[in-house]
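Let's take a walk through this one together, starting from the empty spaces inside and working outwards. Keep the structure open as you read.

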Amino acid sequence: MAVSVTDYVSTSTKQSHWLVSIFSGIIVCIIVYRLTGYISLLCFKGYGKLSSGVKVEWNNRGFSTFHALIVAFVSLYLLLLSDEFDEKSHGDLIINRTSTLSDTLLGFSLGYFLSDLAMILWLFPALGGLEYVLHHGLSMSSILLSLISGQARIYILMVLFSESTTPFVNLRWYLDVAGQKNSKLYTYNGVALFLGWLVARIFLFIYFFAHMFSHFDQVKKIFPFGFYNLLVVPPVLAIMNVFWFWKIVRGLLKTLSKARHKH
């Protein structure tokens, strides 16, 4: 009886922690959305002249950038700097390893994706088309399954680290709206976006699939729905990443060509 009560309290505490993390993510998004508008009004003269629709997207990209920086740094810490997924440091299977920090991060990220998806659907298609709805839907389902089951956490963190390219995407949009497409910063950011995308969304996904293949004896032990989700969702995201990378390469070549002709 004591064991069952302890298990109940432990499960209840975990679920409360998940909910707090998710709501914290939503609240932080609202706060950063407001702060982005306030700071932009003070620091960027052109902000006040933007249409209401552009202001909404401007502020939306503010909390998008904030989320990307948080999840990228924490994912990097958990994957490389902590010993959570060190093959030699634990007796647990690598697909079953979790921590309070990774639980918090996944909950926070769920809060962000819920907030962003709500805005995308409310203002559809102003903030993004069906590909963004698909991306967010797949991301949320995978994060939620990992959070509830405590499995495949290493793979979710790898995918979350790929959000590290988002600040470059957003800066590109900001510079475009500010009429800075011909600036050196726009060109440098385009190169940084190309390199960042290549590393975080192409090479990392190649490593992701290689790691899954080399640990497939463990991957098969993930609960059935989570197992099939892991087999389906990452390849779809990888295809989307390659498609977007192709568009980035085309855009970069166009920018570099313009810069060359200017000189």
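A cavity, as the word is used here, is a set of grid points where a 1.4 Å probe fits but cannot get out. Keep in mind that what you're looking at is a predicted model. In this model there are 2 cavities of 30 Å³ or more, and the largest holds about 260 Å³ of space. Its lining is made of 28 residues, and those closest to the centre are Ser142, Ile143, Ile156, Val159 and Val233.

Who builds that wall? At least two lining residues come from each of H4, helix H5 (153-161), helix H7 (184-214) and H9. H4 gives the most, with 8 residues. Sorted by class, the lining of the largest cavity has 16 nonpolar, 10 polar and 2 charged residues.

Since H4 does so much of the lining, it's a good helix to look at next. H4 covers residues 130-149, and its 20 residues reach 28 Å from the first C-alpha to the last, close to the 28 Å expected at 1.5 Å a residue. Quite a list of its residues is buried, including His135, His136, Leu138, Ser139 and Met140. Ser142 and Ile143 are buried too, and you've already met that pair among the residues closest to the centre of the largest cavity. Just after the helix comes Gly150, with a positive phi near 75 degrees.

Now for the second largest cavity, with a volume of about 60 Å³. Arg172, Tyr186, Gly190, Leu193, Ile248, Gly251, Leu252 and Thr255 line it. H7 and H9 each supply at least two of these lining residues, and the largest share, 4 residues, comes from H9. By class, the lining has 4 nonpolar, 3 polar and 1 charged residues.

H9 itself spans residues 224-262, and Leu256 is found in it. Is Leu256 buried or exposed? Neither, quite: its relative accessibility is 29%, so it counts as partly exposed. From Leu256 back to Val219 is 37 residues along the chain, and their C-alpha atoms are separated by 43 Å.

Next, the pockets, which are open. The largest has about 1,100 Å³ of space. Of the 36 residues lining it, Arg61, Tyr132, Val169, Arg172 and Trp244 are the closest to its centre. Arg172 also turned up in the lining of the second largest cavity. Helix H2 (52-81), helix H3 (100-122), H4, helix H6 (166-177), H7 and H9 each bring at least two residues to the lining of the largest pocket, and H9 gives the most, with 9. The lining divides into 13 nonpolar, 10 polar and 13 charged residues.

The second largest pocket has a volume of about 290 Å³. It is lined by 15 residues, with Leu79, Leu80, Ile154, Met158 and Tyr207 closest to its centre. H2, H5 and H7 are the elements that give two or more residues to this lining. Here the split is 10 nonpolar, 2 polar and 3 charged.

One last layer comes from the record. An unreviewed UniProt entry lists "transmembrane region" for residues 18-41, 62-80, 110-134, 187-210 and 222-246. In the model, residues 62-80 are 100% helix and 0% strand, with the end C-alpha atoms 27 Å apart. Residues 222-246 are 92% helix and 0% strand, and there the end C-alpha atoms are 33 Å apart.

Notes: Residues are numbered from 1 along each chain as its sequence is written. This is a predicted model: local features need pLDDT of at least 70, side-chain atom pairs count only at pLDDT 80 or more; totals for chains, interfaces and linings use all residues. Side-chain values use heavy atoms; hydrogens and water are left out. Buried means under 20% relative accessible area, exposed over 50%, partly exposed in between (1.4 Å probe, protein chains only). The expected span of a helix is 1.5 Å times one less than its number of residues. On a 1 Å grid over the protein atoms alone, a cavity is a set of points where a 1.4 Å probe fits but cannot get out, and a pocket is an open set with protein on both sides within 12 Å along at least five of seven lines; lining residues have an atom within 4 Å of a point. Grid points are joined across faces, edges and corners, and a volume is the space filled by probe spheres set on the points. Ala, Val, Leu, Ile, Met, Phe, Trp, Tyr, Cys and Pro count as nonpolar, Asp, Glu, Lys and Arg as charged, and the others, Gly among them, as polar. UniProt positions are given in the numbering used here, feature names are shortened, and annotations may be inferred rather than shown by experiment.
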